Amino acid sequence: MAAETKIDDEIEKLRQEIQELRRNCAAKEKRLSELEAQQQKQNEQANAQQQQTSASSDQMLNNDDIARYSRQLILPNFGVKGQLKLKQTAFLIVGMGGLGCPSSQYLLAAGCGRLGLVDYDEVERSNFHRQTLHTEMSIGMAKVESAKQALQQINPHCQIECHRLLLNSENALEILRQYDVVLDCTDNVATRYLLNDACVMLNKPLISGSALQMDGQLTVYNYGENCPCYRCLYPVPPPPDTVTNCGDGGVLGAITGVIGSLQALEAIKVALGGLGGEVLAGRLLIFDGGRCQFRNIRLRSKRADCDVCSPKPMITQLIDYEQFCGMHASDKDMALNILPLENRLTVEEYKNEVLQRKHILMDVRQPAEFEICRLPNSENVPLKTILNDSYLQRFEEELKDEERGIILLCRRGNDSQLAAQHILQRFPQRAVFDIKGGLHAWHFKIDNSFPIY
Ligand SMILES: [Zn+2]
């Protein structure tokens, strides 16, 4: 009897304990679902807040913006509205050289939202006098990367995108499409036509600048109703031998600084609808740095039969611009190959075989270049004095001696071939040679201490 009572008690006790545990469990489950609901609500609120912040970052100014841009914010025609518009605008700079450096600097410092940089080239020492973003530390680095590093120091709030490539008809539209305003900061005719046609096709304004020696030019294409495009002004490209770039003709750094800064100004005006003034569209600014004079000339209106911007264009997709212009789309000197092999000497052949013999060594560079560096036994005979035959009188005596070889030399071995070709036409029987690769080859193969420029 006693044993039965003991079992009953234990069963009852277990039932009560299980009931208690179930109540506890139910309470904990309730608390868990309450907490989970609370957590979900908090997450939703945080997400909503984040979305609001990112949407408002280009729709309102924060305290950093207000402090950073205060001097332009107080301009009556700029104001908060202008700053926000700039923040929502994407600019593309093609060419990170003498024009691209100052224009990118001012656009970024002013607070543009997004800045694209296009350049295929690397930083070298001869860039520094005008390309002010690059430093000794960045020699050999891609120009777009070197520029990006420097620009980030100026304003860390803007997005910078690097396009390390040579712009061509395969990639231009895809890249330009991502931006609102395009700046042509290049130094060659083929890229000018390419950018012009691509901007007309995509209906993007194009801020076009150029600088050479002591002069600069600036205009805005494809902005407003009757604004001509580059092709309206120049339906056919100039003959290649009439085009000089900075590498050949030289340029003062301050000239590119002036034009590049003005490109940034026009780009900002375009983005902000004129900024209370008038965009330089349909007009050409000519800067004469020698006299420090600015002139404005009115350009012709749109050409009714323009191949690209007329209502019935002939060109509706991008073409091969290097072929169209007969020129390369890079600013690098391309090696000519116009002389027959038997009239070409290597620097080693000249040094070891010809130097000891009777000859005239004509250095066909400009006098200013000859003054920088020269081979000791050379005579300065600028290319144009050969092409116009005025050298004949100067070397009358030497030329009578038919055994005397005529050797032509220049910086890289292109002009020397043109000179040799011209002299050979007059004296087909004589020993006329050019030195392959010119003074650059002399530096690399014969004498490292000889300067290159
Ligand atoms: Zn046109």
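**Notebook: two cysteines and a helix**

Leaving aside residues up to four places away in sequence, I found that Cys246 touches Gly98, Asp187, Leu212 and Val251. I note at the outset that I am reading a predicted model.

I looked up Cys246 because UniProt, in an unreviewed entry, places the feature "active site" at this residue and at Cys410; the annotation may be inferred rather than shown by experiment. In the model, Cys246 is found in helix 10, which covers residues 246–249.

Is Cys246 buried, partly exposed or exposed? I read 19 C-beta neighbours inside 10 Å, and since 20 or more are needed for a buried residue, Cys246 counts as partly exposed.

I then turned to Cys410, which has its place in the loop between strand 12 (405–409) and helix 18 (415–426). With 25 C-beta neighbours inside 10 Å, Cys410 counts as buried. Again not counting residues up to four places away in sequence, I listed its contacts as Asp363, Val364, Arg365, Asp415, Ser416 and Gly438.

My next entry concerns helix 11, which runs over residues 253–271. How far apart should its ends be? At 1.5 Å a residue, the 19 residues should span 27 Å, and I find the end C-alpha atoms 27 Å apart, which agrees. I also checked its surroundings: 16 of the 19 residues of helix 11 are buried, so this helix is largely enclosed by the rest of the structure. Just after helix 11, I noted that Gly273 takes a positive phi of about 70°.

Technical notes. Residues are numbered from 1 along each chain as its sequence is written. This is a predicted model: local features need pLDDT of at least 70, side-chain atom pairs count only at pLDDT 80 or more; totals for chains, interfaces and linings use all residues. Helices (H or I, at least four residues) and strands (E, at least two) are DSSP runs, numbered from the N terminus. The expected span of a helix is 1.5 Å times one less than its number of residues. A residue is buried if 20 or more other C-beta atoms lie within 10 Å of its own, exposed if 12 or fewer, and partly exposed in between; C-beta atoms are placed from the backbone. Two residues are in contact if their C-beta atoms, placed from the backbone, lie within 7 Å.
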